[in-house]
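Trainee: Got a minute to walk me through this one? I'd like to start with the rings.

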Amino acid sequence: MKNEFSLIGLGIASWLGIISIFYTIRIIIIDFLIIQNIMFPYIHLSYELFYNFLFLLGFYLFLNYLKTRKDLNYIQLARNWIIVFILVQIIQFFYTYYLYDIIIENYHDNWSHFYEYGEGQYFKNLASTIGETLRYLGAGLLIYKFIKD
């Protein structure tokens with residue numbers, strides 16, 4: 001019974017860790033695209049596709065790591081993922097606290113146009129919905145593939 005709970009804990013901790021890592025990368029990508037003054041409809045589609053690709057690649061690599069290792073300590077691995085999650089949350093906090101001011105000061109027009117454009121836009125909402133659906137379907141298919149093998 002303890003092994004099942006540690007496996008569930010590992011699943012939750014790794015999911016949070018993987019999502020937080022790639023969400024941070026997503027935030028950085030959005031800011032980079034805003035700074036580069038990329039056309040706004042393409043920003044939404046680009047970061048959703050890139051985020052999904054990175055997320056599924058990271059999830060695949062983690063599942064492959066679990067599959068190839070025979071001597072796993074689930075509790076220690078879950079603790080490591082919790083530490084990763086906390087560290088990434090701290091990085092996100094400092095990134096948004098310090099760098100958003102710099103971006104708003106130096107690229108205010110690009111930033112405001114990006115967020116004004118995104119309000120009520122069908123394309124942004126559609127890209128977000130499709131991206132989220134593809135992310136969960138991909139994760140489900142990866143889990144199914146690894147369980148089947």
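Mentor: Sure, one term to begin with: a charge sits over a ring if NZ of Lys or CZ of Arg is within 6 Å of the ring centre and within 35 degrees of the ring normal. Also, this is a predicted model, where local features need pLDDT of at least 70, side-chain atom pairs count only at pLDDT 80 or more, and totals for chains, interfaces and linings use all residues. Residues are numbered from 1 along each chain as its sequence is written, and side-chain values use heavy atoms, with hydrogens and water left out.

Trainee: OK, so which ring does the charged end of Lys145 sit over?

Mentor: The ring of Phe146, at 4.8 Å from its centre. Arg26 lies over the face of Tyr51, 5.2 Å from the ring centre.

Trainee: And how many aromatic pairs does a search of the whole structure find?

Mentor: It finds 10. Rings of Phe, Tyr and Trp (its six-membered ring) pair if their centres lie within 6.5 Å; planes under 30 degrees apart count as stacked, over 60 as edge-to-face and the rest as tilted. Tyr60 and Phe146 make a tilted pair, 5.7 Å centre to centre with 55 degrees between the planes.

Trainee: Which helices do Tyr60 and Phe146 lie in?

Mentor: Tyr60 is in helix α2 (residues 40–68) and Phe146 in helix α5 (residues 122–148), so the pair ties together parts that are 86 residues apart in sequence. Helices here are DSSP runs (H or I, at least four residues), numbered from the N terminus.

Trainee: Is Phe146 buried or exposed?

Mentor: Phe146 is buried, at 13% relative accessible area, while Tyr60 is partly exposed at 33%. Buried means under 20%, exposed over 50%, and partly exposed in between (1.4 Å probe, protein chains only).

Trainee: What about Phe93 and Phe94, how are their planes set?

Mentor: Their planes are at 70 degrees and their centres 5.2 Å apart, so that pair is edge-to-face. Phe93 is partly exposed at 47%, and so is Phe94 at 41%.

Trainee: New topic: which residues touch the most other members of the largest nonpolar core?

Mentor: Leu10, Ile18, Phe59, Phe62 and Trp81, out of 16 residues in that core. A core is a set of buried Ala, Val, Leu, Ile, Met, Phe, Trp, Tyr and Cys residues joined through side-chain atoms within 4.5 Å.

Trainee: Which element gives the most to this core?

Mentor: That's α2, with six residues. The elements giving two or more residues are α1 (2–35), α2, α3 and α5.
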